[in-house]
Amino acid sequence: MLPAVDSFSKSVLPVKGAKGFCPGCGGKMVAKCGSIVRHHWAHAKGKDCDSWSDSVGPWHLAWQDCFPRECQEVWMGENNEHRADVKGEHQILEVQKSPISAREIAERESFYGNMSWMLCGEDFEDRFKLYAIPESRELLFKFRWHRWKKSWVGAKKTIYIHFRKGIGKLLEFNDDGTGVVEFVDIEHMRRAFDSRFDPSPVQQAGKKFEPLWEGFLERCVGHRQEITEKKLEREEDLKFCQTMGDAILYLKSAVFDVFRDDGWLDNQDLKKLFDYVLPCVEVDLRHLERHNNKTLSEIFLQDTPDTLEREIEAHFMAHNDFVLNVNQWRGFVDLCLEFESNLGKSILDIKSEIEDKRLELIEKEKERKAVRMLCFRAKTQPIVLGKFIDYFLALLAPQVESYILLARFDKNFPVAGWADPAHCIPQREELKAFLVFIPEKLKSEIIERVKFRSEKYIQDQKVEQERQEAARARSEEAAKRSLEERLGWRLDEHTGHLARAFDGEDMGSTSIAMHVAMFPGSRWPNEVSDEQLRVAKESLKGSNPVEVWK
């Protein structure tokens with residue numbers, strides 16, 4: 001902001017109706033007191049006496065207001081040639097938003113000497129892409145500046161850029177638009193420029209520029225430090241969970257299993273243990289790992305002020321839940337040890353005893369169920385029982401395996417209405433078990449019945465085989481008689497068939513002529529004339545005599 005003085009060289013504030021003079025050229029100054037831009041002074045003729053002066057906007061004025069008034073628009077040089085935007089305790093800060101040439105950048109850096117630049121990142125923030133450096137513990141990023149201003153690559157002094165997330169300091173800037181940037185905090189600005197630096201003017205909304213997110217960078221750093229500190233605090237608890245996690249979960253399930261047993265329902269020590277373990281929940285490390293593995297660069301890039309606050313709150317809740325759950329599990333382990341000392345055996349030993357008893361009961365129940373099933377088939381299904389007695393010995397006899405298949409796939413096998421036929425056909429093991437229920441007299445009777453059926457089946461097979469052989473012999477005999485009959489025909493019968501096949505007359509001479517025409521080496525060439533033989537050959541043209549003869 002341009003300063004103005006009165007006729008006594010005292011500073012004058014830009015208020016409506018005030019009069020002032022330029023302390024550099026002595027020209028008349030006009031107070032600009034609009035409702036949008038902050039009140040300021042301007043030269044009356046509209047031309048600044050400083051050749052480096054640029055148009056001043058809200059962002060430029062806000063950055064100047066971050067420093068005390070005596071630091072703003074300070075004349076520099078032996079003859080007060082130029083005004084520095086900000087002259088702090090340590091160095092000069094040139095605030096630049098409008099385009100500037102490489103020549104003018106070099107002139108200003110040479111004139112001011114100890115100085116830095118502050119650029120407005122609002123104009124190109126969407127083209128300034130950041131990439132985290134994994135091994136860096138600071139807020140260092142590689143960047144690619146798309147469509148960047150070529151004039152800035154020649155700058156020799158430090159360049160700062162005002163982004164919404166913070167102030168970036170260019171550590172490296174290459175001529176291809178790439179480099180390295182470090183985001184600095186407010187304390188860095190106070191150390192680098194002036195201890196009285198106050199960022200509030202550039203952190204306020206409604207100034208017609210993108211304000212800095214107040215305290216965002218500091219919150220990111222503090223959040224990461226808090227994660228590290230709490231991680232160190234949880235080191236013993238994490239080690240406890242890693243070594244005892246599976247054992248604790250197994251102990252928890254063992255308590256539930258033992259408590260369900262009727263013999264332990266009234267045990268007070270077990271009831272105390274059960275009441276303690278009931279509200280305990282499993283320790284979930286996934287939320288903690290999600291926070292612990294997040295680097296400072298990832299927090300800075302991914303979060304905004306709103307999401308960062310939610311992230312901090314979620315981490316706080318996850319930490320408290322983890323500590324609470326671990327304390328509960330530590331108490332549970334102590335209570336299990338107390339339970340073991342009171343009863344002389346652990347909860348796992350009791351669970352093993354209960355499981356052994358249950359296995360014995362299950363085996364006995366299986367045996368009882370098998371007996372019940374056999375009795376059910378034998379007593380409640382009389383029709384099935386008859387077939388069962390008919391088939392079971394045949395199934396056990398290896399010499400009648402074909403009879404087994406017939407028995408299993410017999411569609412006429414009778415079943416009780418609802419029963420599945422496949423379930424009613426007894427298996428080998430069932431037959432062996434069912435032998436216990438059959439009296440010896442009935443057993444011998446069934447054996448005789450099966451033997452009879454087996455012999456009858458073999459006899460039936462022999463009879464069927466003899467019948468098929470007799471039918472085959474009769475067929476062969478009939479075919480032989482038919483062949484002999486055809487071979488016994490006289491010559492005139494053969495020639496008659498041949499003549500009719502060619503629509504010829506059924507006359508001996510014509511038939512014999514065709515025969516001689518087809519078979520020149522036959523025994524009757526002298527029986528026909530040359531004319532008859534010629535006519536027969538003409539008739540045979542275009543035909544296949546062999547097919548006709550067949």
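Start with the whole chain in view: of the 550 residues of the protein, 37% count as buried, where buried means under 20% relative accessible area, exposed means over 50%, and partly exposed lies in between, with a 1.4 Å probe and protein chains only. This is a predicted model, in which local features need pLDDT of at least 70 and side-chain atom pairs count only at pLDDT 80 or more, while totals for chains, interfaces and linings use all residues. Residues are numbered from 1 along each chain as its sequence is written, and side-chain values use heavy atoms, with hydrogens and water left out.

Switch next to a cartoon, which should show 19 helices and 12 strands; these are DSSP runs numbered from the N terminus, helices being H or I with at least four residues and strands E with at least two. With contact taken as heavy atoms within 4.5 Å, 61% of the contacts between residues at least 6 apart in sequence join residues at least 24 apart.

Now look for enclosed space, of which there are three cavities of 30 Å³ or more. A cavity is a set of points, on a 1 Å grid over the protein atoms alone, where a 1.4 Å probe fits but cannot get out, and its lining residues have an atom within 4 Å of a point. The largest cavity holds about 90 Å³ of space, a volume being the space filled by probe spheres set on the points, which are joined across faces, edges and corners. To centre the view there, select Gly-166, Ile-186, Leu-212, Leu-217 and Glu-218, which lie nearest the centre of this cavity among its 13 lining residues. Then colour helix α4 (residues 216–233), which gives the most to that lining, with three residues.

From here, select Lys-208, in the loop between α3 (186–192) and α4. Its phi is near 65 degrees, a positive value in a residue other than glycine, and Lys-208 is exposed, with a relative accessible area of 63%. Most residues other than glycine have a negative phi.

A second positive phi, near 50 degrees, can be inspected at Glu-73, which is found in strand β4 (residues 72–76). Unlike exposed Lys-208, Glu-73 is buried, with a relative accessible area of 6%.

Finish with two cysteines: Cys-66 counts as buried at 1% relative accessibility, and Cys-120 is buried as well, with a relative accessible area of 3%. The model has zero disulfides, a disulfide being a pair of cysteine sulfur atoms within 2.5 Å.

Definitions and conventions: On a 1 Å grid over the protein atoms alone, a cavity is a set of points where a 1.4 Å probe fits but cannot get out, and a pocket is an open set with protein on both sides within 12 Å along at least five of seven lines; lining residues have an atom within 4 Å of a point.
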